[in-house]
Amino acid sequence: MNKSKDFNSLVSVIRMQGEARFEEATPVVVITLNKPIRGNLLYQCDPSKYHFKAGEQFVYISGERSGQRSAWDFFENCEGIDDLYLEDLEIYFAECFPVEEIFENPEFATYEDFPW
């Protein structure tokens, strides 16, 4: 979430919709950064946009890219989604991050299954 920064509210909205609504792009885990990270410039990601502080959280989504390109795509099969989530949700692709550190080194980040 860009403006509101209300991560728990986002997770609640996704949970209320139910796992079946997310056919193409499914929330899999919640990631919490333990250290700040910057984007991986090898993939031409803008480093000013991909810089996150320790404590920031993300929902890792698995599935088709077509369901991950925008909030409208992600919530396509859902009903009653507040415009706040459609306008404020930011989507980043994993290749813009140091994925090995995030998923293989608990010093960088911890993760837990998405709380369906």
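**Which residues does Gln68 touch, not counting residues up to four places away in sequence?** In this predicted model, Gln68 touches Ala25, Ile61, Ser62, Gly63, Ile91 and Phe93. We will come back to Gln68 in one of the views below, after a look at the whole chain.

**View 1. The whole protein chain, from end to end.** Let us start with an overview: the protein chain holds 4 helices and 5 strands. Walking along from the N terminus, you meet these elements in the order α-β-β-β-β-α-α-α-β. The chain has 116 residues, and 38% of them are buried. Now take the contacts between residues at least 6 apart in sequence: 73% of these contacts join residues at least 24 apart. The accessible surface of the chain comes to about 7,300 Å², and carbon and sulfur atoms account for 45% of that surface.

**View 2. Helix H1 and its two sides.** Helix H1 spans residues 7–17, and its buried residues are Phe7, Leu10, Val11, Val13, Ile14 and Gln17. Seen down the axis of H1, these buried residues fall within an arc of 160 degrees, so they line one face of the helix. Turn to the other side of H1 and you will find Asn8 and Met16, which are exposed. What do the buried residues of H1 pack against? Their partners are strand E1 (25–33), strand E4 (57–63), helix H2 (71–74) and helix H3 (83–88). Just after H1 comes Gly18, whose phi is positive, at about 90 degrees.

**View 3. Asp6, in the segment before H1.** Step back from the start of the helix and you reach Asp6, in the segment before H1. Is Asp6 buried, partly exposed or exposed? With a relative accessible area of 36%, Asp6 is partly exposed. The side chain of Asp6 reaches the backbone nitrogen of Ser9, at 3.1 Å. Follow the chain for 79 residues from Asp6 and you arrive at Tyr85; the C-alpha atoms of these two residues are separated by 10.0 Å.

**View 4. An open sheet of 3 strands.** Here the strands lie in the order E4-E1-E5, with antiparallel pairing. The edge strands are E4 and strand E5 (109–113), and each of them pairs on one side only. On average, neighbouring strands of this sheet are turned by 35 degrees against each other, direction ignored. As a reminder, strands of a sheet pair through backbone hydrogen bonds, either parallel or antiparallel.

**View 5. The pairing of E1 with E4, and the helix on the sheet.** How many bridges does the antiparallel pairing of E1 and E4 run over? E1 and E4 pair over 7 bridges. Look for Ala25, which stands opposite Gly63 in E4. Helix H1 packs on the sheet and touches E1 and E4. The direction of H1 makes about 30 degrees with that of E4.

**View 6. Gln68, back to our opening question.** Gln68 is found in the loop between E4 and H2. Is Gln68 buried or exposed? The relative accessible area of Gln68 is 10%, and residues under 20% count as buried, so Gln68 is buried. A polar atom of the Gln68 side chain lies 3.1 Å from the backbone oxygen of Gly63. Both Gly63 and Ala25 are among the residues that Gln68 touches, and you have already met them as the pair that stand opposite each other.

Definitions and conventions
Residues are numbered from 1 along each chain as its sequence is written. This is a predicted model: local features need pLDDT of at least 70, side-chain atom pairs count only at pLDDT 80 or more; totals for chains, interfaces and linings use all residues. Side-chain values use heavy atoms; hydrogens and water are left out. Buried means under 20% relative accessible area, exposed over 50%, partly exposed in between (1.4 Å probe, protein chains only). Contact means heavy atoms within 4.5 Å. Accessible areas come from the Shrake-Rupley method with a 1.4 Å probe; for residues, only the protein chains shown count as cover. The arc is that of the directions from the helix axis to the C-beta atoms. A polar contact is a pair of N or O atoms within 3.5 Å; within protein, one must be able to donate a hydrogen and the other to accept it, and residues adjacent in sequence count only if both atoms are side-chain atoms. Two strands pair if DSSP finds at least two bridges between them. Axes are lines fitted to C-alpha atoms, for helices over the stretch in contact, and angles run from 0 to 180 degrees between N-to-C directions.
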